[in-house]
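Student: I should like to go through the reasoning behind the terms applied to this model. Please set each value against its definition.

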Amino acid sequence: MNSKAIPYGRQTITEGDIEAVVSILRSDFLTQGPSIAAFEEKFANYIGSKYAVALANGTAALHLCAMALNVNEKSRVITTSITFAASANCVRYCGGEVFFADIDPETFLLDINKVRALLEKHPKGYFQGILPVDFAGNTVNLEAFRKLADEFGCWIIEDACHAPGGYFIDSNNKKQKCGNGNFADLAIFSFHPVKHIATGEGGMITTNNKALYEKLLLLRTHGITKDPGKYKNSTDEVAQGGWYYEMQELGYNYRLTDIQAALGISQLERADENLERRRTIARKYDAAFKNSDIIKPISFEGNAYHLYVIQIKSRLALYDHLRANNIFPQVHYVPAHLMPYYKQFGHKKGDLPNAEAYYEKCLSIPMYHSLTDEDQEYVISTILNFIKK
Ligand SMILES: *Cc1c(COP(=O)(O)O)cnc(C)c1O
C-alpha cells in the first residue's frame, strides 16, 4: 500500500509563492493595496474579460452577483442541482426562489432543453435569471444559453469555479473561454485550495458590463464610494472635506487581502502549465478505463478538469476500497435539491431523474496538477484491481 495519502484534489505552493506572500508582509499594505488591482488585471487578461473584481471567496462573489442583478423576494432563478450548494444559495441570500432543472446525462451540465421547457411553461417575465455551472471543468455552451436567456429576458450568472482556462466551441468554430464575458452577464471563480488557483480563501467576478462592474466595486466595500464625482449628497449638506466618503448602498466587506492577491498572482503565472498537466492526467485516466464497461469516465474538448469523475455501479464499495488503500476520492455532488434546506421548499426525490441517477454512480478520483505519474499509476491499478474482482 502507498504510504502517502492521495486526496482527490489539493493545492501546490512553490518557493516563489511563499516569497510573494512574504514580500507583502514586509510592505505597507496588507489589504486594499496595489496587489488587488494587479491580480484583477492579470486575471481578466487570462480569462479574456474586460473587468475582474477580487473578492473574499467564491460564495461572496455569487452573493454580490445576485445583488448586482437585483435579485429579491420576487425573483425566480433556474440552476442545476449537481453543484456545490453555494450556486443556489446566492439566490436565497437575496430572498429569491430557486428552480432546479435537470442535467444532460452525457455532459452532466444543466440541460438547456429542460431549462427551455421550464421557461415555456410560464409567461415571459416569470423567471429573472439562469445560473449554469461549468461542472467538473466542462464549460457550458453559453452561446446557446445567451440566445435562450434573451428570448425570455433573463440574465446569466456563470458559476465558473471549476473551469478557469476551459472553453467551449461556438457556432463559428471559435474557442470561447469560460468567464470571458461574451455571453454571461457575470461569471464567478473561487480560489479555495482544491480549485485551480489557490489563495487560501478567495474569489473573482469577471464581466464585460461596465455598469455591473462599478456596482460590484461599491457592494464589495460597504456600498461606500470615495469618488467626489459620484456623490449624491451636495457640498452644502455634508459632502465637503478630504475625510468625506459616502455610503450609497447596503454593501458588505467582501474584500480580498493583498496577502492573498500576491499569492494569486504568483499562482496564476503557472495556470497554463498546470492546466496542461491536468489534461495529461485526464488522458491517462481515459486510456486506462477505455475498455472498462463498468467505469464511464467523462472527457470533452475544452475541459479544464477541476474534477475527474468516473461513474461506477458499485460506487460505495469502490469508495471504501480506495480509502482502505490510502486514496481519498469524493462525491460531487449530493444533489442540492435533496438537501434538507431545499426540500423544505417542496423539492423532492424524483424531481430530477438524470441528476439523481448521476449521483448514484459518480466518484471523483484524484485530479490535481501536482499528482505524480507514480501516484496516478497507483490510483489506476487500485481501481482496476477492484473491478477485476
Ligand atoms: C468552490 C465552489 C463555490 C464556492 O467557492 P468558495 O470560494 O468556497 O466560497 C461555488 N460554486 C462551485 C461550483 C464551487 O466549486
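Student: How do you know how much area domain 1 and domain 2 bury between them?
Tutor: Buried area is the accessible area (1.4 Å probe) that two parts lose on being put together, summed over both. By that reckoning domain 1 and domain 2 bury about 2,900 Å², 60% of it on carbon and sulfur atoms. In domain 1, F100, F108 and H196 lose the most area to domain 2, together 20% of what that side buries. This is a predicted model, in which local features need pLDDT of at least 70 and side-chain atom pairs pLDDT 80 or more, while totals for chains, interfaces and linings use all residues. Residues are numbered from 1 along each chain as its sequence is written, and side-chain values use heavy atoms, without hydrogens and water.

Student: Where do the bounds of domain 1 and domain 2 lie?
Tutor: Domain 1 spans 15–268 and domain 2 spans 271–388; such bounds come from an automatic or database domain assignment.

Student: How many salt bridges does the rule find across this interface?
Tutor: The rule asks for a side-chain nitrogen of Lys or Arg within 4 Å of a carboxyl oxygen of Asp or Glu, and across the interface of domain 1 and domain 2 it finds 0.

Student: What makes a set of residues a nonpolar core?
Tutor: The members are buried (under 20% relative accessible area) Ala, Val, Leu, Ile, Met, Phe, Trp, Tyr and Cys residues joined through side-chain atoms within 4.5 Å. The largest such core has 97 residues, and L119 and F135 are among those that touch the most other members. Both domains give residues to this core, so it lies between them.

Terms used
Buried < 20%, exposed > 50% of the residue type's maximum accessible area, 1.4 Å probe, protein only.
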